[in-house]
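Welcome! Here are some short exercises, each with a worked solution. Have a look at the chain first, then try each task before reading on.

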Amino acid sequence: MAGYLVSDKRKVTTRRFIEMKQKGEKISMLTSYDFTTAGIVDKAGIDGILVGDSASNVMAGNSTTLPVTIEQMIYHARSVVRAVDRALVVCDMPFGTYQIGSHDGVKNAIKIMKESGCDALKLEGGVEIIDTIRRILDAGIPVMGHLGLTPQSINKFGTYAVRAQEEEEAAKLISDAHALADIGCFALVLEKVPATLAARVSKEISIPTIGIGAGNGTDGQILVVSDMLGMTQGFSPRFLRRYANLNSVMTDAIGRYVEDVKNCDFPNEKESY
């Protein structure tokens, strides 16, 4: 359904995410990192926008999410917030801002919220960071959890392969999901886990699950916007569906512009003062 046909124009909140799960309404999410893109994504009717630490890859060209700083995340989140009227805006807490301990975690969470104006934060991990999440929640900041493949732990995993395929890791993921829901997280991202496991978790916990590479049994889906629009071409995991090929469109348009400039066809008389 096109954005202009969305009947409910109210601002999406964390509470509405939970209500959508209760009603059986699927939740749509995409990433955004800049004002222009976020405005388009919001007007198209998206429910939630994640200002992901994937900005490290998409915007800065890093091979992992680890190098992105809190200042960079605030910059991207502030740009997105300025463009958005309806969608819930969630910002990733970058690597190193909450793993040290709960004191630093709360301090950095407050900094991001105050300086970006976003609606909620996302943290990667389960019971290992539960005390930090509890204190952030106690400070009045909504938290979205993230289990399965957690890119900030890539050096620990050593691979971006599907997680929780073995019984022990699957059992821990289920336990972590319950712990995050019980403590008060409003939603949970499940990344690159078996579809049957994601569906089980989605049925067992009261908060919505947002899948990426986790099958269709989750309560919602998220993709990186530049991937689903076909701006990037080298990244082609099984879970990625490209809804456009903007790489080709942009390359063709820029090529025609270059040709027109070289041939003195641009600007023409009507385009001049």
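The expected span of a helix is 1.5 Å times one less than its number of residues. Helices (H or I, at least four residues) and strands (E, at least two) are DSSP runs, numbered from the N terminus. This is a predicted model, in which local features need pLDDT of at least 70 and side-chain atom pairs count only at pLDDT 80 or more, while totals for chains, interfaces and linings use all residues. Residues are numbered from 1 along each chain as its sequence is written, and side-chain values use heavy atoms, with hydrogens and water left out.

**Exercise 1.** Work out what span the 17 residues of H11 should have, and compare it with the end C-alpha atoms.

Solution. Start with the place: helix H11 covers 246–262. At 1.5 Å a residue, its 17 residues should span 24 Å. The end C-alpha atoms are 24 Å apart, which agrees. After H11 comes Cys264, with a positive phi near 65°.

**Exercise 2.** Find which part of the chain Lys21 is tied to by its salt bridge with Asp219.

Solution. A salt bridge is a side-chain nitrogen of Lys or Arg within 4 Å of a carboxyl oxygen of Asp or Glu. For Lys21 and Asp219, the closest N and O atoms are 2.7 Å apart. Next, place the partners: Lys21 is in helix H1 (residues 14–23) and Asp219 is in the loop between strand E7 (209–212) and strand E8 (220–223), so the pair ties together parts 198 residues apart in sequence. Lastly, both Lys21 and Asp219 are buried, where buried means under 20% relative accessible area, exposed over 50%, and partly exposed in between (1.4 Å probe, protein chains only).

**Exercise 3.** Decide whether Lys122 is buried or exposed, and do likewise for Asp92.

Solution. First, the side chains of Lys122 and Asp92 meet in a salt bridge, at 2.7 Å from N to O. This pair links distant parts of the chain, strand E4 (residues 120–122) for Lys122 and strand E3 (residues 88–92) for Asp92, 30 residues apart. Then check the cover: Lys122 has 2% relative accessibility, so it counts as buried. Asp92 is also at 2% relative accessibility and therefore counts as buried.

**Exercise 4.** Say where the salt-bridge partners Asp131 and Arg134 lie.

Solution. The closest N and O atoms of Asp131 and Arg134 are 2.8 Å apart. Both residues belong to helix H6 (residues 130–138), three residues apart, about one turn of the helix. An α-helix has 3.6 residues a turn, so residues three or four places apart point the same way. Arg134 has a relative accessible area of 37%, so it is partly exposed.

**Exercise 5.** Name the residues that make the nonpolar surface patch of about 610 Å².

Solution. Patches are made of residues with over 30% relative accessible area and no salt bridge; like charges are joined within 9 Å, and nonpolar side chains (Val, Leu, Ile, Met, Phe, Trp, Tyr) within 5 Å. Accessible areas come from the Shrake-Rupley method with a 1.4 Å probe, and for residues only the protein chains shown count as cover. The members are Met231, Met250, Ile254, Tyr257, Val258, Val261 and Phe266. One of them, Val261, lies in helix H11 and is partly exposed, its relative accessible area being 36%.
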